[in-house]
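Visitor: Could you take me in for a close look at one part of this model? I'd like to follow a single stretch of backbone and see how the pieces line up.

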Amino acid sequence: MRLTLLLASLVLAQSALAAPCNIILMMADDFGYECVSANGGESYQTPNLDRLAATGMRFEHCHAQPLCTPTRVQLMTGRYNVRNYINFGTLLRTETTFGHLMKGAGYATGICGKWQLGGELDSPQHFGFEEACLWQQTRRPPRYANPGLEYNGAEKDFTHGEYGPTLVNDFALSFITKNKEKPFFLYYPMILTHNPFQPTPDSPDWDPTISSENKQQSPKHFADMTAYMDKMVGRIIAKLDELGIRDNTLLLFLGDNGTNTGIISRFQGTDYKGGKGTTTSHGTHVPLIASWPGRVCIYGWHYQNGTPIQPLSKVHTFPHVDYSHGIRLVARTCEVDGAFSTIDAVLADPALHVLLSDEGPFASWHYPAGTNEALPR
Ligand SMILES: [Ca+2]
């Protein structure tokens, strides 16, 4: 394991901004680096992600925690897991999240997708998100065919062949449309592509009558699930284009951890086995793509064909998202974890340059599998 979650290389052309931009942070579930065609993946169709990469920035050295909750807690709070990771499925209610920061900065805030961070009815609002459409907030119904979701804490069960990822995407499109006239922050931790590996509505064997996660499971469906996830990304892009706000919206896409161990993909000419839950590159190496037409650039670093020459790492989306708005974040959490108050401080940080060198041990990991701990040191 080389690094913790990162985004520090992405610096935005602040001076060109006439108004704060919108931010949409999309994160696929159990989706490793090898799954994206633009990264060298050969097993799946990801045309929308590839297009984002071709027109934005594709990162080659993004590493997350090897499991859902550790990554999500770290991403949302900007703090290393040693500070605030208690156990799987828990986000301490005493934590400050990027939802709080963005709401405090005057942004409309929304969250949609998978929660799995505590069962309180008011969780999204408590953590700074004004509107929410979530799976596994108060309960754990099916997530794919005929799912159960919570809309702002209110349970809703679907029984007419609906597909969970489509419903969540519908919410995202509605949120974007509703808030098109003001800056918004949408955190979109996608339900796909986590198991159970079941058919999507685009699969030949899609059965709209099933209402169980125990049916029709097969790794063969992972390809269709990946394609559908990519399709949902495409719907987001199309909506932004339709509303005329694409040029003022930063799109970020990443995976929360490596692919399921039951999935073997072709990657750059070889077989690549998913490594979720392990502190190997197959467990932590995830895709990261940033797209903001005409705005995304690398501050002080060179890149070719949309790909940074210098690998970057370590720093969190938490302070990064803040930078994109010119907010000088000097939060308690960042002081503790050595995050930064200005971009100059980011670039001056000796630890960052160690990471940039791509040499030597960047971090050691304490990850006692099976004991609900995953602590980066
Ligand atoms: Ca995951």
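**Around strand 6**

Guide: Let's start at Cys133, which sits opposite Tyr151 of strand 6. Keep in mind that this is a predicted model. Cys133's side of the pairing is strand 5, residues 131-135, and two bridges tie strand 5 to strand 6, residues 148-151, with the two strands running antiparallel.

Now stay with Tyr151 and look across to strand 7: there its bridge partner is Ala154. Strand 7 covers residues 154-157, and four bridges join strand 6 to strand 7, again antiparallel. So what happens at the turn? Strands 6 and 7 form a hairpin with two residues between the strands, and Asn152 takes a positive phi there, near 50°.

If you like odd backbone angles, there are others to check. Gln116, which isn't a glycine, also has a positive phi, near 60°. You'll find Gln116 in the loop between strand 4 (108-114) and helix 5 (123-126). Gln116 has 20 other C-beta atoms within 10 Å, so it counts as buried.

Gln216 is another non-glycine with a positive phi, about 55°, and it belongs to the loop between strand 8 and helix 7. Gln216 has 18 C-beta neighbours inside 10 Å, so it counts as partly exposed.

While you're in that loop, look at two peptide bonds. The one from Leu192 to Thr193 is cis, with omega near 15°, and Thr193 lies between strand 8 (184-189) and helix 7 (222-243). Asn195 and Pro196 are joined by a cis bond too, with omega about 15°, and Pro196 is in the loop between strand 8 and helix 7.

Key. Residues are numbered from 1 along each chain as its sequence is written. This is a predicted model: local features need pLDDT of at least 70, side-chain atom pairs count only at pLDDT 80 or more; totals for chains, interfaces and linings use all residues. Two strands pair if DSSP finds at least two bridges between them. A residue is buried if 20 or more other C-beta atoms lie within 10 Å of its own, exposed if 12 or fewer, and partly exposed in between; C-beta atoms are placed from the backbone.
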